[in-house]
Every structure is written in structure tokens, then in C-alpha cells.
Amino acid sequence: MDLNALGTSAGINIGVCVGVFSLYSILRKQPSQARVYFGRRLSIGARKSNALCLDRFVPSASWIVKAWKTTDEEILNNVGLDSVVFVRIIVFSLRIFSIAAVTCILIVLPVNYQGNVLDHKDLPYETLEVFTILNVRQGSKWLWTHCLALYIITFSACVLLYIEYKSITKMRLAHITGSHLNPSQFTVVVRAIPWSQEETYSDSVRKFFMRNYESSYLSHQMVYRSGKVQKLMSNAGKMCKILKDVSIEQNHKPGLYHCGFCGANSDSFQILSHESESSRGKSSLVDNGGVELKRKVCAAAFVFFKTRYAALATSQVLHSSNPMSWVTQLAPEPKDVYWSNLWIPYGQLWIRKIATLLASIAFMLVFLIPVTVVQGMTHADKLQKALPFLKGPLKKKFISQVMTGYLPSVVLILALYTVPPIMMLLSALEGSISRSGRKKSACFKILYFTVWNVFVMNIFAGTVIDSFSVFKKLDSVKDLPPQLASAIPAQAKFFMTYVFTSGWASLACELLQLYPLLCNFIRRYIFRMKDWAIDTMSFPYHTEIPRLLLFGFIGFTCSILVPLILPFLLIYFTLAYFIYRNQIINVYITKYQSGGHLWPMVHNTIIFSLIMMQIIALGVFGLRKSPVSSGFTFPLVIFTLLFNQYCQQRFHPVFKNHVAEILIEMDREDEKYGRTEEIHQQLHAAYCQSPSTSPDTSVAGSYHHQEEESIQDQENVTPGKEPSQVSLNWSVASTFGAPEPI
């Protein structure tokens, strides 16, 4: 690929981004699209403006200004710690790659370009290889510049990582200290309760904890394997609430929707006009469901304790000589509980983990097929051999540039869209009892999957035969760095176009919210459903964090080999900063908090990226016959490992365990201010599995209240609290207080 082809790919994506940003700035001002682009704002009580004015149809950058002005403190107070951690990943990436870009563009790039190994052409027709390490002669005395850049990037990354880790650790401790009304701190999940013919599971739990923890045990609540009954009850509760709200608000005869296809009236259901009827129907279903639930009690329970410290101490000890019985752990937040997995027998978990691991590996191997196809598309000669009918079109320069420079990345991205749902399914099958744990597991799987297939296999796999031939050349592990050092620069064109397509274009799609936009269009203009309640989405950390870390991994490993990629990565992270902040402020709601649990994974991935960068640099210096540079790189690897070990000892335990000192102090404050009794009274309602005794926690149904009101423009609304944070009743999960007035 030459600079012209690179410019073609960049131009296509720049045009797409500009068009999407302009379209978004217009669509977000339309009242009919408020549910799509202001889901979070509407869920906290913000009301959209229906005023018709010219400004609604003129593109503007007001959303960028709003995202810029919103501080991290506002996001922390109103959205939560997890969102702040995500933003800090982007900020770290911006800082480190700004340093790397300045260093490598000013120091490394001139040395690469003046290497004189490859033939030079006019600048627009220069190949990308001329700007890579491949153009540096063996034994060149200028290789010290690459070693110097390596030191600058490594030390800068470690300093910035230390600052971020320290800051996020303090925020996590502050988050725990400020969560006085968090029921999960008083609750322990008990699994693998031994079966007894003489007594029920509930009696066994009561006797066990009264005998061993009489002074601190408060009560318990059993878990039921309800399956379809639980789903029916939950859906019935939501529907009753929606129909009740609509009947109260409309105060007229039930309206019939017009079908957008034939224009006929839809009378498949009618709105309930009397609360008593809906209540009776719901209570009848609940009663029947309650009988069914009693028949399906599981060997698991939520056990409540009088103090936080008692719950913490109980969760971290063995309760039986058999480690596979009476297994305890701190309970997740009420809205974080993944009820479907609580009934899974504890003895099955290790089998499930092995099975999901094998399934993930099998999926990675199957995915080699699209990876091989993609790499075949990057070479025009291979395309012509495989598809002879393309010989004519590929002779045209523009078509050849698009086919070999742009389409391969697009094909790979389309194939990668199948990865998140499959990995989320496998993570659910593992048996995690929390939604955040399921997302964290999926995040790990997606990260490893994308690094392996996007980076490793795209380097080594031009075709399946080529990939096998490459691995046959690896007589030992010491041959891997030289192979990577020579293969990465050769794939520079693919990584650059991947940044354009999977980076810039994916951010544009994230901003536009294509799927919710399409659903809203169908409901409004085809089925004519103006008053329709939809669930607001939570932030997809399991897909977006691996994407950020993948681009960071590519940036580190390519920094001294292909420095020309760094400015494009900087543009990506700059766009990500504004777009994701806008989405966090306006679109996504926070249903639960994990307390920043994903940051240790982010830290470890960045350390791994630094180690890989240094190992590849060793291969570069070995190929280029520079023993001095290789000698200076070895201490850098050791320093990075020692730095990581220090961070593991200094910060990681805070993310792994709760701090007893903090919990004891919180217990004393509760006792001092008389909050203890109130807390104890609400524990059962917080973890109530049946919707009959807990209020509906879904934010669905909140939108249609705002449909006909017109007070403010969304852009002038200040951030507010989440709907799950409005009430102090723990059945709707709250620790942040009431929403700010709008």
C-alpha cells in the first residue's frame, strides 16, 4: 500500500464520520428521537422540547461542548465509578500515545525514512514500508533512537499507570465509604447447602448460622429455581404497571394503534381501566407462582448479618471440613444479581468453566477462516489467483486500493460482530451469580479473542498454508521475537485501515445508535406506536473496553516499528473521549456498580502490551545486528515486571477484598446515628426474588410520561442521578441519593 491508498482509506472514513456526526447533531434535536439519544435524561425526569425552530435542522457541535465541560467529578457523582474508570482508560491512552507520537514522529520516523534499504519514489507514491523499521540497515548506528524511544514510552506509561491506579484506588475506597445504604455489604450468598431428609434447606441454614454465628446472624432468604414462572411473573408485573400508568394518564377510552402497512386498527389488546382488575389478575398469578416457587427451593440462600464486618468475615472463611459445602461469598448488589445462575449446583461450576474454556478455544480456531479470507484480500495477486474474474477490475487503481486497503478491515469487523454475543453466552454458562461478573468474564474472553485473531493471526496468516509454514519456522520460543519484528511492519497497511474502519467508523456507529434508531423508526412510523415503553440500555463495557485495549495494544507494539500509525490512533482516542462521554451523560443508565473492578484487568493488559513491545524490540535489534540496543532493552523488561509486581502488592488487594477498617467504622457510624434498625428492616425487600413483594425496578414505561411535555432542550440539562438511584428502597438499588432538579 502506498500513501495514495492510505489516503483513500482515510478519506472514505473521514467522509463517513463527518456525515454521521452531522446527521447525529440533527437527529438528536428531533423530539421523536429523544428516546434513542436521551434515554438516560428522560429516565431521570428531563423533558424534551417540542418547539419547532430552524436550529433543529442545522448541524451543530453543541454536544461536543457539553461532553467537554462535564467533569469527571460530575460523572462520578451522577453516573458512578465504573463510568469514570472507562473514561480514565481513554485519558490514559490519550496521554501515553501523545508522548509516543511526538517521540516517534520526531526521532524514529526520520531514521526509518532515511534508511535507504528500500527504493524511494515520489512522496505520494511511497510505500508504507519505507516509513517502517524494514527500511533501516543492519548494524545501523541510528538504532539507538529506537531504544531511546522505547525507554521514553515505557517510563511514561509506568508513571501514568501509577497515577491512574492510585487515583482509582482512592475513588474505590471513597465509593465504599459513601455507600452506607448498600445492602450487599450486609449480605452473604451461601451455596452448596447440604441436603437433609429431616429438615428443609431453610431450617438447615437457620440452624447452621444460629449455631455458629448467633451473635451476628440476622435472618436469611432462600433462592428458588423459578425458571419460566419467574419470567412470567416479572413480565406480568411490568405490564400491569405500564397499563396502569397509561390508563391513569390518558383518562379516556383505550386508543387503537394504526398499522403502518395496511392502515387498519390494531385491537389485539385493550388498556385496563380499573386498577382493581389488574391487581387481582396480578395477585392471582403471583399466588400461583408462589406455590410453584415453594416446590423449587434451591441449595442457595442470602444470609443477612447485623454488621458489615460480620458479613465480610463470614464470607472469607471455610465453614465445613468439606470445601464443597457451605460455600460463602459476599452478595452482589440487588440489581446486579444474576438470578438465573443462583440455582446452579456449586459442584458443576468447575466443569462449566472447563467446558466454556474449550468452547472459546474452538471458536477462536473456527474464526481462523474469516481471518484467512481477510488476509487473502490484502494481496491483489492472491485475489486474482483465487477469483480470476477480478483481474480486470483490479487493474483500475482506485478499485484496487479499495479492495485491498479498505474492504479487508470491513469484512473482519463484520465477522467480529458475532463475537460479543457468543462470549456473553459462554460467560453466562460459566455460572457467575452477578451481572457484573458475567460482563467481566465476557470482557476477558473478547479481549483475548480479538488480540489473538486481529493481531497475532493477521500477522502470521496470509493463508492457512502460510500460517502453518510460519509456525514451522519457529524452532523455539527465541525465534518468535524476530518473526514478529519482521511480520508486523509488513502488515502496517492492515493495521492502519483497521484503525480507520473498526476505530473511527465504529465510533460513528456508536454515536448514531443504529439499532435503537431503527427500532424507534419501526415502532413510530410503521406500527404507529407513539406511547411505547422501552428499556434504556446499560453501558456495554464488555465490548468497548476490549476495543480500547486492543487499539492500545496495537499502538504499543507498532510504535517504534510503524510510527506512522500513532497520529491515527490519537485521532481515534480523541473521538472516543467526546463520543463516549456524550453517551455516558445522555444515553446509558447505570443499573448497578462494580466499584471499578475492571481497572486491574486494564492495568494488566497495558503491562502485557509494554512487555510485548519490548520483546518485539529485542527481535528488531537482533535482526538489525545491534547488540548494544538489545543489551539496554533487557533491563527495561525486568523493570516493567518489577513495576507490575509493586502495583499488584500496593493496589490490587483493595480491588480484591473489602477493607475491614472501613467497614467497622461504617458500622460504628450506623450505630451512632441510629440507622441500624432501618437497614435491617429493608434487607429482605432488597433481595426479594418475587416481584409480588418488591416494586417494579425497570425503567421501561418512564418514557411515555415525557412524550407530550415540553419544557427544556436536552442540551441545556445538567447531569442527574440514575433512575435506580432515586429511591432509598434497596429493591431499586440506591446509594447516590435523589435526582437533582432539572
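**Exercise 1.** In this predicted model, determine in which helix histidine 542 is found, and decide whether histidine 542 counts as buried or exposed.

*Solution.*
Step 1. Locate the residue: histidine 542 belongs to helix α24, which covers residues 541–558.
Step 2. Take the relative accessibility of histidine 542, which is 11%.
Step 3. Apply the cut-off: buried means under 20% relative accessible area. Histidine 542 therefore counts as buried, at 11%.
Step 4. Identify the surroundings. Leaving aside residues up to four places away in sequence, histidine 542 touches Met424, Lys439, Ala442, Cys443 and Ile446.

**Exercise 2.** Describe the place of threonine 328, and state which side chain joins that of threonine 328 in a polar contact of 3.1 Å.

*Solution.*
Step 1. Threonine 328 lies in strand β6, made up of residues 327–330.
Step 2. Because its relative accessibility is 12%, threonine 328 counts as buried.
Step 3. The side chain of histidine 319 forms the 3.1 Å polar contact with the side chain of threonine 328.
Step 4. A polar atom of the threonine 328 side chain also lies 3.5 Å from the backbone oxygen of serine 315.
Step 5. Beyond residues up to four places away in sequence, threonine 328 touches several residues, among them Val188, Val189, Val190 and Val317.

**Exercise 3.** State how many helices and strands the protein chain has, and what percentage of its residues count as buried.

*Solution.*
Step 1. The secondary structure consists of 30 helices and six strands.
Step 2. Of the 742 residues in the protein chain, 54% count as buried.
Step 3. For the surface, the accessible area of the protein chain is about 33,200 Å², and 63% of this belongs to carbon and sulfur atoms.

Note on methods:
Residues numbered from 1 in each chain as written. Predicted model: local features only at pLDDT ≥ 70, side-chain atom pairs only at ≥ 80, totals over all residues. Heavy atoms only, no water. Helix = DSSP H or I, 4+ residues; strand = E, 2+ residues; numbered from the N terminus. Buried < 20%, exposed > 50% of the residue type's maximum accessible area, 1.4 Å probe, protein only. Polar contact = N/O pair within 3.5 Å; in protein donor to acceptor, adjacent residues only side chain to side chain. Contact = heavy atoms within 4.5 Å. Areas by Shrake-Rupley, 256 points an atom, 1.4 Å probe, with all protein chains shown as cover.
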